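Work through the exercises below with the sequence and the structure in view. Each task is followed by a solution in steps.

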Amino acid sequence: MNERHIIRPGQGGDRHVFEYALLRVVPRIERGECVNAGVLVYCRGKDYVGARTHLDEARLLALDPAADVAGVRAALRAVEGVCAGGASAGQAAGDDAGRRFRWLIAPRSTVVQPGPVHTGLTADPAAETERLLDLLVR
């Protein structure tokens with residue numbers, strides 16, 4: 001394991017560095033308005049990558065009454081599938097957690113976009129994923 005990812009005693013105990021990014025739905029790119037709809041979390045120390053999503057359909061439709069809600073839900077499910085790995089990850093199935101995370105946070109000009117990457121410390125990245133979803137999305 002790389003030295004920089006190990007937290008020494010007095011610096012966070014059994015916690016590990018993690019990275020996260022919000023998933024944003026931008027129904028009309030030209031307007032730049034968005035709705036937070038999920039969170040991606042990667043923790044190298046725990047070999048974890050995960051996504052949790054929650055789409056507030058009313059908020060999305062307030063920004064764009066013609067938004068393709070079913071298409072957005074499908075895109076969010078696809079992100080969760082890539083994080084889960086295995087057959088649901090498609091072409092990314094053989095990639096490690098870090099590579100899947102990096103692929104998902106790459107900038108793109110689609111309706112579902114990743115936000116900037118932030119960092120923190122956690123002992124439980126799965127619980128952190130849920131906490132961030134509650135704090136930043138729901």
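**Exercise 1. The length of a helix**

In this predicted model, compare the expected span of helix 4 (residues 125-136) with the distance between its end C-alpha atoms.

Solution. Helix 4 has twelve residues, and the rule is 1.5 Å a residue. The expected span is 1.5 Å times one less than the number of residues, which gives 16 Å for helix 4. The end C-alpha atoms of helix 4 are 16 Å apart, so the two values agree.

**Exercise 2. The buried face of helix 4**

Which residues of helix 4 are buried, and what covers them?

Solution. Buried means under 20% relative accessible area. The residues of helix 4 that are buried are P125, E128, T129, L132 and L133. Viewed down the helix axis, these buried residues lie within an arc of 140 degrees, and therefore they line one face of helix 4. The cover over them includes strand 1 (16-25), strand 2 (35-43), strand 3 (48-53) and strand 4 (112-122).

**Exercise 3. The N-terminal end of helix 4**

Which residue caps the N-terminal end of helix 4?

Solution. Look for a side-chain oxygen beside a backbone nitrogen at that end of helix 4. A side-chain oxygen of D124 lies 3.2 Å from the backbone nitrogen of A126, and D124 is the cap.

**Exercise 4. The surroundings of E128**

Is E128 buried or exposed, and which residues does E128 touch?

Solution. E128 belongs to helix 4. Its relative accessibility is 10%, so E128 counts as buried. Leaving out residues up to four places away in sequence, E128 touches F18, L121 and T122. With T122 there is also a polar contact of 3.5 Å between the two side chains.

**Exercise 5. An aromatic pair**

How many aromatic pairs does the whole structure hold, and what is the arrangement of Y42 and F101?

Solution. The search finds two aromatic pairs. In the pair of Y42 and F101, the ring centres are 5.4 Å apart and the planes stand at 20 degrees. Planes under 30 degrees apart count as stacked, so Y42 and F101 are a stacked pair. Y42 is in strand 2 and F101 in helix 3, 59 residues apart, and the pair thus links distant parts of the chain. Y42 counts as buried at 11% relative accessibility, and F101 counts as buried at 0%.

**Exercise 6. Confidence**

Which element has the lowest mean pLDDT, and which the highest?

Solution. The protein averages a pLDDT of 88, and 91% of the residues score at least 70. Among the elements, helix 3 (residues 97-105) has the lowest mean, 90, and strand 2 the highest, 97. Where pLDDT is low, the predicted coordinates should not be read in detail.

Terms used. Residues are numbered from 1 along each chain as its sequence is written. This is a predicted model: local features need pLDDT of at least 70, side-chain atom pairs count only at pLDDT 80 or more; totals for chains, interfaces and linings use all residues. Side-chain values use heavy atoms; hydrogens and water are left out. Helices (H or I, at least four residues) and strands (E, at least two) are DSSP runs, numbered from the N terminus. Buried means under 20% relative accessible area, exposed over 50%, partly exposed in between (1.4 Å probe, protein chains only). The arc is that of the directions from the helix axis to the C-beta atoms. Contact means heavy atoms within 4.5 Å. A polar contact is a pair of N or O atoms within 3.5 Å; within protein, one must be able to donate a hydrogen and the other to accept it, and residues adjacent in sequence count only if both atoms are side-chain atoms. pLDDT is the predictor's confidence in each residue, from 0 to 100. Rings of Phe, Tyr and Trp (its six-membered ring) pair if their centres lie within 6.5 Å; planes under 30 degrees apart count as stacked, over 60 as edge-to-face and the rest as tilted.
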